[in-house]
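Trainee: Could we go through the terms used for this model? I would like to hear the reasoning behind each label.

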Amino acid sequence: MKKLGKQNFHMTTEEFRKEGKKIIDWIADYYEEIEKYPVLSQVKPGDIKALLPEKAPQKGEPTDAMIGDIDQIIMPGITHWQSPNFYAYFPANTSFPSILGDLISSGLGVQGMIWATSPAATELETRVLDWLADMMGMPEKFKSTSTGGGVIQDTASTSALTAIIAARERATKFESNKKGVVQKLTAYISTQTHSSIEKAIKIAGIGTDNLRLIEVDETFAMRTDLLEEQIKRDKQLGFTPFFICAAIGTTSSNAVDPVRKIGEICRRENCWLHIDAAMSGSAMVCPEFRHFQDGVELADSYCFNPHKWMFTNFDCDVFWVANREELINTFSILPEYLRNQATESGEVFDYRDWHIQLGRRFRSLKLWFVIRHYGVEGLQHHIRKHVEMARKFTK
Ligand code: PLP
């Protein structure tokens, strides 16, 4: 590669080598010393901003100046999510293989919006998500070799929105995309379901007045008798039930909804079943935990967050659908400037048709690094160890 010089302000490849090594060392030192930091940042609102200049520098600065400011200005404002003493939200979860995979993604600078913009970005993602489906005992229909397939989204919130919009289109025979939502659609979640579903209901034009919150039992799982009663009432009032979300691991208590019973209601009532396994889906790599999602074969879509419990750094949410055609029919749009032979041949996946945004990062690299580094056995080992620790803690 042609070496870039100072005259055009770029960092040269030689400088990149040198500074990059320093930064890898900086990260390794951070992990070696992470326990010395107070987990929660001690700063007050505005403290960090006050230490940053009000104007951008007129002249370029050396990387050492940035690293110095990371230590002096940024680190005091960090809450140490990866600290072994961090017990909030979800587990300290990143891993070195994941960081390295992500670094290569940044290095390649690939934009994998369609197959043609980088075939490996699409095909690796397809393959890795098929691996994961097998690793987690998912139904065949979620695999690319069947009717469905998987796609990496940024977050479970985006997966929920994607599922709700696809469900809306299925329920309205793809009319809402054209005319806006004119039908009276209703969606169902439990009182414990994550707020991302409510947010998605707002964004998708369903309206929160049409979201029903079903009470839970003593294990904080959705009561399906109340779900059925509510659906009946809504139908009598002229609503069309179209979407139900079952959680595998709720945010407050890790409760698990009765997937099979909810799935059977979905089938009967013609509702889309989305499973939000953001938190606990990763545990399904261990066969002994799969009874928690008995009935998963009834789901239309399923998401879980490797960025929560599968040693993959934020952001990485896996979203599977049973019928990719419904998803593609909902999201596909083909402006002239994105036309290409591969798309036209119908032989490839163009992931821009599987979600909301067009551009997409090469996120499967970090997941691939993680799965290959740990192997299925390594992932199972850690999940089992974590569950064992949780059991001890509850005693
Ligand atoms: N669903 C559950 C059960 C969660 O615990 C969370 C997040 O904490 C989410 C969804 C939203 O996750 P994300 O930040 O990936 O949108």
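Trainee: What makes the pair between Thr251 and the ligand a polar contact?

Mentor: A polar contact is a pair of N or O atoms within 3.5 Å; within protein, one must be able to donate a hydrogen and the other to accept it, and residues adjacent in sequence count only if both atoms are side-chain atoms. A polar side-chain atom of Thr251 lies 3.0 Å from an oxygen atom of the ligand, so the pair qualifies. Ala156 contributes a backbone N or O atom at 2.8 Å from a ligand oxygen, and His307 a polar side-chain atom at 3.5 Å from a ligand oxygen. Taken alone, the ligand exposes 400 Å², and the protein buries 86% of that (Shrake-Rupley method, 1.4 Å probe; for residues, only the protein chains shown count as cover).

Trainee: Before we go on, what kind of model is this?

Mentor: It is a predicted model, in which local features need pLDDT of at least 70 and side-chain atom pairs count only at pLDDT 80 or more, while totals for chains, interfaces and linings use all residues. Residues are numbered from 1 along each chain as its sequence is written, and side-chain values use heavy atoms, with hydrogens and water left out.

Trainee: Which residues surround the ligand, and what are their classes?

Mentor: Among them are Ser157, His194, Asp276 and Lys308; a residue is near a molecule if one of its heavy atoms lies within 4 Å of it. The shell divides into two nonpolar, eight polar and two charged residues. Asp and Lys count as charged, Ala as nonpolar, and Ser, His and Gly as polar.

Trainee: Which elements give two or more residues to that shell?

Mentor: They are α6 (156-171) and α11 (306-309). Helices (H or I, at least four residues) and strands (E, at least two) are DSSP runs, numbered from the N terminus.

Trainee: What makes the bond between Phe314 and Asp315 stand out?

Mentor: That peptide bond is cis, with omega about 5°. Asp315 is found in the loop between α11 and β7 (317-321).

Trainee: And what is notable about the phi of Phe220?

Mentor: Phe220 has a positive phi, about 70°, although it is not a glycine. Its place is in the loop between β3 (211-214) and α9 (224-236).
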